Amino acid sequence: MNATQNKPTRAVKPLWQELGLTRGEYDHIVSLLGREPNETELGIYGVMWSEHCSYKNSRKLLSGLPTTGSHVLQGPGENAGVIALDENLAVCFKIESHNHPSAIEPYQGAATGVGGILRDIFAMGARPIALLDSLHFGDPHERGKCRERPGMAGSVDPESDRVATLVRGVVRGIADYGNCVGIPTVAGETRFDANYLGNPLVNVMAVGIVPRDRIMRARASGIGGRVLYYGGPTGRDGIHGATFSSETFEEGVEDKRSAVQIGDPFMEKKILEATLELIESDAVDAIQDMGAAGLTCSSCEMASRGETGIEIDLARVPLRAARMSPYEIMLSESQERMLAVVSPEKWEKAAAILAKWDMKAHDLGEIKPGRSMVVKRGDEICAEIPVPSLTDAAPLNSPAMREPDNREARLALHLDDIPEPADPGAVLLRLLDSPELCSRAWIWEQYDHMVGTSTALKTIGGDAAVLRVHGSEKAVAVSVDSCARAASLDPKTGAMLAVAESARNVACSGALPVAATNCCNFGNPNRPEIYWQLAQSIEGMSEACRALDTPITGGNVSLYNETDGEAISPTLTIGMLGILDASAHATGIALQAGNLFLIGSGAPSLAASEYLYQEHHRIAGRPAAPDFADERAIQKLLLAGIQGGLIRAAHDVSLGGIAVTLAEMARAGRMGIRVDLPGAERTDVALFGEGPGRVIVVVEEKDEEKIMELARKFATEIRKLGEAGGGELVMKPGIRIPMSEILAAGRDTFTKLFEKRGSR
Amino acid sequence: MRFAVVVFPGSNCDKDCVRALRDVMGQDVAEVWHTETSLSGFDAVVLPGGFSYGDYLRCGAIARFSKIMRAVKEHADRGGLVLGICNGFQILVEAHLLPGALIRNRSLKFMCRPVWLKRERRDSLFTARGEDFLRLPIAHGEGQYFIDAEGYRKLEDEGRIAYRYEAPPGIEQAENPNGSVGRIAGILNAKGNILGMMPHPERACEEFTGGVTHGRWIFESMIAHLTGERAARAGIAA
């Protein structure tokens, strides 16, 4: 039967439009092929030219990022980036989004997001050692608002509220998948803002360790190599996932649920172990996972990188559903599937390894000379496409950009309009109890953050998680950060703040920040204001990464995060990787006995602050950009202080200002504090003002002179704030709270907001 | 001593157990694949945590049919030591080497955190060393130990409750993290040579990962017993 003629019934829209292509792009395909494409071919172009696979709207902007450096072994372009750890080992890491699927089906969307990023890591030959996640949800207090949004109608139990349903589903999805595969989820961030109601963000980062001489690449080489498929069978789930995630949400988004994939973490665990064994036994020449755009993307990208042709036979693909068309097989995004290239003499060896893990080796075809991708089903040719036309010839757009008109008005903040708090202690307790700043234990206790016995327990719940590396003296530190509130006012500054904060976070844990990965989450790039945000953010990231010497080694772009024309805040998530000389240097935020010092030259400001948002319901002001010279001085001071054993705890001053930062340290250490804060023109600025370039450290009395000396050496500011100890949190001016109240504040916020109430 | 760490498809604490026993405790350790049929030559067997066979159907329900489980039973019948941790405990229960069942946590959520345990037996082969209160991490979604009233009485009467969730005086801790009957965290078989427990001693053998090193006490107890046994055998032989 010729399945290509057996077209499913379709809506009035032409297929190219259904696939998210433009008329111009369709015409270009016809000219590249010299004929009209058939359905399967058009489907292949549709996914390969989607934003998700081709970065057609962002590639130009991203090309300016710094991607090289002394530590970088592999920059962008492979499954993941690789950084040198020591002479023998390397760290492989990347962040990716699974926003669109998570909006529709939070549990499976988040779970398969974890699965996808893990496969990127182990496809490089690296054993994953950690997961992190950056999550953004709507405002949990705006309950039920989703019902008024046509695009979201019916997507959740109408009686429950959308944010809680999403939070529960996403967290459980990440937990069930990561826990089962046995990769600890060690750090992350969870933020709430009304503009993520329709489009929650689920960005997942994975980190792995690979011997430097065994880094695997997804590059087909050796004509005559066999194309090996292993893992789960191919079904109809996830067809058009890549295309779907390159669209905005409108009414009828529910119809897209079939574009969400279903995860099987046990299969993932088996392909993880089998893949590492295949690479270790030198049984394969190239590996790529079948993620977005499935078989299509993996086969043509391998051929593209290897500058070869490829021929595959769809009759040999193991199928989960009956009567699947070539179009469906090529576009399926069924999870837990891997594609490898194996030279014929190694086939038996590879098959034996897969058999040990209860998997079959499926021989789909061959690496061919030339540059053609030929897809057959038995004797019938379903598609024949020049490989470069899918990858190198993919469209490259430069949409128009325009700075939003009302920006100056939003940047203005007149402090005279903001009344000073009468009771700063009450403000602090409210902030600590708010969804933005409350305890995250409800989330991270659902994640197995200890499996693998690599995680430094004391760094859990702190600025960055530290993981020791078995077989190395060194350790790695990781953190994910985004500063979307500041970015919503000034995208470029917001991006710089995110880079600076993530670098500061890993430095607080005792590591030198060495490289970063990023996830750009934005609205529809065809709107000039959105494209301007994207361009500004990438410019800011580029500048900050250059200044801090943390090149970008990979990442992902998620556009079209819009519902009914309302876009999310520009959200650039940075995943930072740091290296510690010794795992013993791992430093947490928990207060220890000693004196408290504020280091760095940063000045507090209420612009884009949490205090302004929570207490005065405003997002306004001009956020200050980091002073990169001072950021580097702070890093050096932290590293020298930690390595020299002077700094016993360190915490970045971030959301909620010094007051919240100190309260978090006190809460983690279960110990009181007595400090005098540096004077400011206003109490609220002194206590709750935010801004880059500030870190609080704990130093023992005997080491005071030494830390002062270090601050002089690295030319940054240092100021003694007070001391740790006692049963109260005392901050002058204005705060005196018993520790019992600090410990209770925010402890149950998430339970109250997100656990199902009553019997339902 | 020679330890076997059994590896099922889906085990994920196998390497952690190997590292704790080999690198921290200095023992001779081998990973044993689930298709093996013999455990001869091993003094003790560890069934590690994880999600054997994805925990599909029911935790441990598929793993109990593995070839290696017959060998585990034979090893136990010979008087060899068997330690089941987390998923290993679930497998031992499914294999009827230990009584009761492990069901979903009362909170219906996976739970990963260090908890305090109280040692109920000071004279068992697994608990002789160390102190009465231990702080070990738990990491499970299905760790609520259940047994009927009669079974529970029997466990108590026979002194087979090894550990309960309980904090030392003056330390605050949620009463019962997963809702287990009698706050049970670990139990012994009638002969006392099989211990199943939900908490993870291998994660608390070093301060870096566990904050404390109380997990060593369990391994030290096993090693001390095996050393004594070997010495006694040598004595008889001489």
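**Figure 1. A loop residue of chain B with a positive phi.** L57(B) counts as exposed because 10 C-beta neighbours lie inside 10 Å (the cut-offs: buried means 20 or more other C-beta atoms within 10 Å of the residue's own, exposed means 12 or fewer, partly exposed is in between, and C-beta atoms are placed from the backbone). This is a predicted model, where local features need pLDDT of at least 70, side-chain atom pairs count only at pLDDT 80 or more, and totals for chains, interfaces and linings use all residues. Residues are numbered from 1 along each chain as its sequence is written, while chains are lettered from A and ligands numbered from 1 in the order in which they are written. L57(B) lies in the loop between β3 (44-47) and α2 (67-77) of chain B; helices (H or I, at least four residues) and strands (E, at least two) are DSSP runs, numbered from the N terminus. Phi of L57(B) is near 75 degrees, a positive value in a residue other than glycine.

**Figure 2. Two more backbone spots, in chain A.** Most residues other than glycine have a negative phi, and most peptide bonds are trans. D564(A) is not glycine, yet its phi is positive, near 50 degrees. You'll find D564(A) in the loop between β18 (562-563) and β19 (566-567) of chain A, and D564(A) counts as partly exposed, with 14 C-beta neighbours inside 10 Å. Then look at the peptide bond from K732(A) to P733(A): it is cis, with omega near 10 degrees. P733(A) sits in the loop between β26 (728-732) and β27 (735-738) of chain A.

**Figure 3. The seven-stranded sheet of chain A and its helices.** This open sheet has mixed pairing and runs in the order β8-β10-β7-β11-β9-β12-β13 (two strands pair if DSSP finds at least two bridges between them). β8 (286-289) and β13 (380-386) of chain A are the edge strands, each with a single partner, so one side of each has no neighbour in the sheet. On average, neighbouring strands here are turned by 20 degrees against each other, direction ignored (axes are lines fitted to C-alpha atoms, for helices over the stretch in contact, and angles run from 0 to 180 degrees between N-to-C directions). Inside the sheet, β9 (residues 309-313) and β11 (residues 362-368) of chain A pair in the antiparallel sense over four bridges, with E311(A) partnered by E366(A) in β11(A). Helix α11 (residues 294-306) of chain A packs on the sheet, touching β7, β8, β9, β10 and β12 (372-377) of chain A, at about 145 degrees to the direction of β8(A); contact between two residues means that their C-beta atoms, placed from the backbone, lie within 7 Å. Helix α10 (residues 265-280) of chain A lies across β7 (226-231), β8 and β10 (337-342) of chain A, at about 145 degrees to β7(A).

**Figure 4. Helix α7 against helix α10 in chain A.** The axes of α7 (residues 106-122) and α10 of chain A come within 10 Å and cross at roughly 5 degrees. That makes α7(A) and α10(A) roughly parallel (angles under 35 degrees count as roughly parallel, over 145 as roughly antiparallel, 65 to 115 as roughly perpendicular and the rest as oblique). G115(A), L118(A) and F122(A) of α7(A) meet P265(A), E268(A), L272(A), T275(A) and L276(A) of α10(A). These contact residues divide into five nonpolar, two polar and one charged (Ala, Val, Leu, Ile, Met, Phe, Trp, Tyr, Cys and Pro count as nonpolar, Asp, Glu, Lys and Arg as charged, and the others, Gly among them, as polar).

**Figure 5. T455(A), a loop residue that reaches chain B.** T455(A) belongs to the loop between α17 (441-444) and β14 (465-468) of chain A, and it is buried, with 26 other C-beta atoms within 10 Å. Leaving out residues up to four places away in sequence, T455(A) has contacts including P184(A), V186(A), L467(A) and T209(B). The C-alpha atoms of T455(A) and A130(A) are separated by 8.5 Å, though the two residues are 325 apart along the chain.

**Figure 6. Where chain B meets chain A.** The contact takes 25 residues from chain A and 24 from chain B. On the chain B side, α1 (14-24), β6 (111-119), β7 (133-140) and α5 (207-210) each supply at least two residues. The chain B residues divide into 11 nonpolar, seven polar and six charged.
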